[in-house]
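Biologist: Could you walk me through how the helices pack here, and then show me the pocket and the odd spots in the backbone?
Modeller: Happy to, let's take it one question at a time.

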Amino acid sequence: MTQETLFLKNTETFAESLARCGVKYHFAYPITPATDVMKRMAVILPQYGGEMMQMESELAVSSALAGAACTGTLVATSSSGPGLTLMHEAIGFMCAAELPCLMFDSMRVGPGDGDIIGAQSDYFVATRGGAHGDYHVIVLAPASGQEIADIMPHGVRLAYKYRTPVLFVVDGLSAQTTESTTLPAYNDYSAEFDTSDWAYTGTQDHPKRALITGSYSHQDGYEMNEMLRAKYEKIYDNEQMWEAEQVEDADLVIAAFGIHGRMCTDMVAKMRAEGKKVGFIRPITLWPFPDRAFAALPDSVKNILVVEMNHGQMIDDVRLAVNGRIPVHFLGKTGGDMPMCTLAEMIAEANRILGE
Amino acid sequence: MENLSAKYGKTLNLDKLTSYCPGCGHGIVTRLVAEAIENLGIMERTIAIVGIGCGGFSHHYMDIDAIEATHGRAPSFAVGYKLTRPDNIVFTYAGDGDTSAIGLGDLLHAANKGMPITTIMVNNTVFGMTGGQMSPTSLEGQVTATTVKGRDVSKQGYPLLVPELMRAMPGVKYLARETVATPKGVRKTKKSIQKAFDCQVKGLGYAFVELIVPCPTGLKLNVKGSYERCGKEMTDYFKPQVFKDETEQGHVA
């Protein structure tokens, strides 16, 4: 498949991006607002010699994902909050087993079954984990269809470099937005990585390998956890990503991810035009959280405003990142017909803080 | 010392002491699985996906690649594996708790998909590793750590007949229940396990074998008593039989 610019729903862009980056097998269960990913995968993956397999539950989805990932094959899934909740059993397993895969969460309102309206309520479950034990998945939060396409090769490389699940989180509104996106030509980025030293493919070319995530001695368990700790520290040190604008002389910095982060460009432009020194930080990796962006903020910054489509989840990471150095404020909405904070509301809240 | 590898082949790892309890049926079943793999010449392309519990130890005694799945999910792991590696032989091996309690949904859907996968379910009517609790297959009136007055079917339902649930599924091509309670039962078990693997080698569809085995520890019986129970009460209810054998259809293109 060659490079082309298409007018697609961003769920479809996600599917196209997965397939064009080498994903061969996709496992999923229908759930709004993520279903269009599996629908498009069902159509396009056979063109790449692959297949979308609809499973009977998200428990089965993530288990099949793990079973397929252990062969070294590039595999993916897509879901939404309630489905992600069910998938966590095998997500924890894949982290322990060091299996690469790509996952997509089209975030909707919770808790419980919530509502299909888009939200950013899955920040905690994505970044803190919904399974037991000390583990992390790498969490990427693209803010547009174009960023989904642009960041996908990096997602594959992260999954294989660190042998870990990589989770894309997109709020349900952005996921359902239709916009023009330039999609890359086909390239299997997982082929850059040699899996022959760990994949479970039969003993024809290696002595017996056993994928054991439980320990049979306390020492084994300790060593597995220390190995994972070292890996996560390496990821934390090396893989923080963010976009920042006009923070160098800012009085006030807005921190937002996804759709609110995308709106920050307009917000800052409008407020700068009024002579107000406002900048923004848009985290692209939610785990590892880009705390270096906040540590580097100049002394001119007197306040930070965190805007989220939830009751305040990423704000915890912002507070940890500044560690009391800068006051942190919050604006957030979730539920209802349109949970997104409007640009006018964001600007009004910024002006209120600047006027304090 | 006699070279046992010459007798049993390379699949069975004879260097390790097993962690199965004395008298446990897993030892016989594990050996027969290894022999079936050996006989079919598929050792190097076979993957074990084992469950949680005593059955999870089975791969320790075979020199093949193995994956220990999460509790009950081995069939779904196998579906994912088989999709990406259709030329490999993948089998699941787990007890009745893993297979018929927490994993029943995964099991039935994997069976109904009809993909060429082999499942070995070792049924001793009790949760062995966790210390003798009720299983879906515990017999009526069976005293366990959690049915201290015996299984009451008005509350806990009837012992689950798993292969009977699969009988109507067209994708299931080999379906049997056997027992290791007697030498004759062991010989039949050997044949059924071999056919269940051969069904996959031929690419025909899903194959399932339930093995009725004793668990002296979980049932708090001596070895002789546990075998007697296995050969009487257990097989009276869980009747050994070949429900379906469509393995003679030859290779599917």
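Biologist: Are α2(B) and α8(B) parallel or oblique to each other?
Modeller: In this predicted model, the axes of α2 (residues 26–40) and α8 (residues 183–201) of chain B come within 9 Å and cross at roughly 45 degrees. An angle under 35 degrees would count as roughly parallel, and 65 to 115 as roughly perpendicular. The crossing of this pair falls in neither range, which makes α2(B) and α8(B) oblique.

Biologist: How many residues of the contact of α2(B) with α8(B) are nonpolar?
Modeller: From α2(B) the contact includes B:I28, B:V29, B:L32 and B:E35, and from α8(B) it includes B:V186, B:K190, B:I193 and B:F197. The polar residues number 3 and the charged ones 3. The nonpolar residues number 11.

Biologist: Moving to chain A, are α3(A) and α4(A) roughly parallel or oblique to each other?
Modeller: Helix α3 (residues 58–69) and helix α4 (residues 81–97) of chain A have axes 7 Å apart, and they pack at an angle of about 25 degrees. The cut-off for roughly parallel is an angle under 35 degrees. α3(A) and α4(A) are therefore roughly parallel.

Biologist: How many charged residues are there in the contact of α3(A) with α4(A)?
Modeller: α3(A) brings residues including A:E58, A:L59, A:V61 and A:L65, while those from α4(A) include A:L86, A:E89, A:F93 and A:M94. Of the residues in this contact, 9 are nonpolar and 3 polar. The charged ones number 2.

Biologist: α3(A) also meets α3(B). What is the handedness of that crossing?
Modeller: The partner, α3(B), spans residues 74–84, and the axes of the two helices come within 6 Å and cross at roughly 45 degrees. α3(A) and α3(B) are therefore oblique to each other. As α3(A) passes α3(B), the crossing is right-handed.

Biologist: How many charged residues does the contact of α3(A) with α3(B) have?
Modeller: On the α3(A) side the contact is made by A:A60, A:S63, A:A64, A:A66, A:G67 and A:A68, and on the α3(B) side by B:S76, B:F77, B:G80, B:Y81 and B:T84. These divide into 6 nonpolar and 5 polar residues. The number of charged residues is none.

Biologist: Now the largest pocket: which element supplies the largest share of its lining?
Modeller: The pocket has a volume of about 550 Å³, and 25 residues line it, with A:A96, A:H132, A:T213, A:G214 and A:M224 the closest to its centre. The lining divides into 11 nonpolar, 11 polar and 3 charged residues. α4 and α8 (218–238) of chain A each supply at least two of them. The largest share, 5 residues, comes from α4(A).

Biologist: Which residue of chain A has a positive phi although it is not a glycine?
Modeller: Look in the loop between β11 (242–245) and β12 (252–255) of chain A. The phi there is about 55 degrees, and the residue is A:Q246.

Biologist: And where is the proline of the cis peptide bond that starts at A:G110?
Modeller: That bond runs from A:G110 to A:P111, with omega near 0 degrees. A:P111 lies in the loop between β5 (101–109) and β6 (115–118) of chain A.

Definitions and conventions. Residues are numbered from 1 along each chain as its sequence is written. Chains are lettered from A and ligands numbered from 1 in the order in which they are written. This is a predicted model: local features need pLDDT of at least 70, side-chain atom pairs count only at pLDDT 80 or more; totals for chains, interfaces and linings use all residues. Side-chain values use heavy atoms; hydrogens and water are left out. Axes are lines fitted to C-alpha atoms, for helices over the stretch in contact, and angles run from 0 to 180 degrees between N-to-C directions. Helices (H or I, at least four residues) and strands (E, at least two) are DSSP runs, numbered from the N terminus. Angles under 35 degrees count as roughly parallel, over 145 as roughly antiparallel, 65 to 115 as roughly perpendicular and the rest as oblique. Contact means heavy atoms within 4.5 Å. Ala, Val, Leu, Ile, Met, Phe, Trp, Tyr, Cys and Pro count as nonpolar, Asp, Glu, Lys and Arg as charged, and the others, Gly among them, as polar. On a 1 Å grid over the protein atoms alone, a cavity is a set of points where a 1.4 Å probe fits but cannot get out, and a pocket is an open set with protein on both sides within 12 Å along at least five of seven lines; lining residues have an atom within 4 Å of a point. Grid points are joined across faces, edges and corners, and a volume is the space filled by probe spheres set on the points. A crossing is left-handed if the near helix is turned anticlockwise from the far one by less than a right angle, and right-handed if clockwise.
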